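Visitor: I should like a close look at one part of this structure, with the cut-offs stated. What is found there, and what else deserves attention beyond it?

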Amino acid sequence: MATQFGCVKTVFPVATINRRVSHCETPLLFPCRIGYASRVSHAPLVGVRVSCCSNKERESGVVLEKWEETEKSYTCVMKFGGSSVANANRIREVANLILSFPHENPIIVLSAMGKTTNLLLLAGEKAVSCGVTNANCIDELSNIKDLHLRTVEELGVDREVISKHLEELEQLLKGIAMMKELTPRTQDYLVSFGECMSTRIFAAYLNKIGIKARQYDAFELGVITTDDFTNADILEATYPAVAKRLHSDWVSDPAIPIITGFLGKARKSCAVTTLGRGGSDLTATTIGKALGLPEIQVWKDVDGVLTCDPNLCPQAKPVPFLTFDEAAELAYFGAQVLHPQSMRPAREGDIPVRVKNSYNPTAPGTLITKTRDMSKALLTSIVLKRNVTMLDIVSTRMLGQFGFLAKVFSIFEDLGISVDVVATSEVSISLTLDPSKLWSRELIQQELDYVVEELEKISRVKLLKNRSIISLIGNVQKSSLILEKAFQVLRSLGVTVQMISQGASKVNISLVVNDNEAEECVKALHNTFFESELSELENECIPENGSVPALS
Ligand SMILES: Nc1ncnc2c1ncn2[C@@H]1O[C@H](COP(=O)(O)OP(=O)(O)O)[C@@H](O)[C@H]1O
Ligand SMILES: N[C@@H](CC(=O)OP(=O)(O)O)C(=O)O
């Protein structure tokens, strides 16, 4: 698969090329075989290619260097989620999909097969109370074993590639049963088996069919994180470490890297960490930034980012273009399709992210870039976050008292609780708390009790549970029109909005309503903004004749 290139005669300045590729108006990056080396890359300048350096580019007068013969290096990251590699058949299809881009040298990031992460979490929970002798009989363990052993058999690869992991997994569950506890650290180690096995199977399969591949565990590759088990943050040291390792392996022995998504290594304890559910997207964008690659692809089971969760609105349509800000907001406010932090490295590296469907590779997908033409955009997507807790906090002191907001937020900071949506007046604040922080049931009540107790020292507090945030992501320059339409819909449903907030990012308007009304609201809003005839005119939708991004 590695393509040798002829003698490269000219090269354009790194920054120019980087800018040109990243800002490529046409989203077709693959056919545009521009030499690429990135100013954000931590890798040495390699892989410069010139097969299609157009005249236009030459005329820009930036021919600077002569290069010796170079071998092509990595060209993009392709991340495949659990649904894309759910069984042997899917693995074959993904391998074919990768092969269908013969001129690319991708870096592959994989999630665990299918629902393996959920099964591992359930197995861990059961192990806590099942007793040591029953630990090897946990149903979820059997399901995981069946799936992985069946897959290696069907693919015709040696079961040795995962047999040690399956044995160790069983031992680990026995250990949890013996200890009768599952700490966040152990939980991360437990779920890491999913990605460790899927990548080993995939790499073995590629090698079997003659494509040279090399498996990497992210925690050995240089993905360094905080010690916040179950939700670790990637640290800066990751970028040079990953770039150095992947680059030197490429130079010494080129092979397609198959890397575990979702996992990292804690800086202090050196234990395995996870990046939060759906964290493989973040692994992909991190690697893309580390190597300064021209494109990051995340392959899912939907035709890109949609106008709404398709489980909620089956009529949801793909959104062809998004900005990093829109995608980040959408992910942060609960759209499962992207990990909330995944846009950060892509934005920092200014690397386009393409969301594609591995079940329907010819669908154009969604292209996420720094900027896009917003002149026709009204609403991009509607996102629902359920089971949110809202706090109404009214100062008991006099009007004009300064420092009230600071005191309130310092209480949240002390408790490590994130706040999602905020609306303030001089003497009152309404805010919603991030439910992902409220991880275990007992802790929720404890935490909330403590928050209220602390806040009551300076204010009157009303705690309102079972609320939902409906986020309207789009062109907030047109907020009057968005709100006019939205409130018409909500009024016709007889729904009272309890809080409204326009994000500083200027791409999001959040509305808080009761949980039991939220779904109906989202469906009606989606119908008005995306399904009616008028909405076709006001919103950007995929054109029928498809002048939208496509892969070569
Ligand atoms: N706005 C949205 N656009 C696309 N998919 C969404 C959206 N909101 C929720 N989803 C759900 O996200 C799923 C894809 O995300 P995920 O399951 O994390 O993919 P993968 O495991 O393949 O990485 C879809 O199957 C869909 O049900
Ligand atoms: N396997 C992990 C990480 C991940 O990113 O998965 P997926 O790409 O299937 O959402 C999870 O389920 O959270």
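Guide: Just after helix α15, G494 adopts a positive phi of about 70°. The model is predicted, with local features requiring pLDDT of at least 70 and side-chain atom pairs 80 or more, while totals for chains, interfaces and linings use all residues. Residues are numbered from 1 along each chain as written, chains are lettered from A and ligands numbered from 1 in the order written, and side-chain values use heavy atoms, without hydrogens or water.

Helix α15 (a DSSP run of H or I, at least four residues, numbered from the N terminus) comprises 15 residues, 479-493. From first to last C-alpha the helix reaches 21 Å, close to the 21 Å expected at 1.5 Å a residue, taken as 1.5 Å times one less than the number of residues.

Within α15, the residues S479, I482, K485, A486, V489 and L490 are buried (under 20% relative accessible area; exposed is over 50%, partly exposed in between; 1.4 Å probe, protein chains only). They lie on the same side of α15 because they cover an arc of only 140° around the axis, judged by directions from the helix axis to the C-beta atoms. The face turned away from that buried side carries the exposed residues S480, Q488, R491 and S492.

Beyond α15, helix α13 (residues 404-415) holds F409 and F412, three residues apart, about one turn of the helix. F409 is partly exposed, at 31% relative accessibility, whereas F412 is buried, with a relative accessible area of 1%.

Terms used. Helix = DSSP H or I, 4+ residues; strand = E, 2+ residues; numbered from the N terminus.
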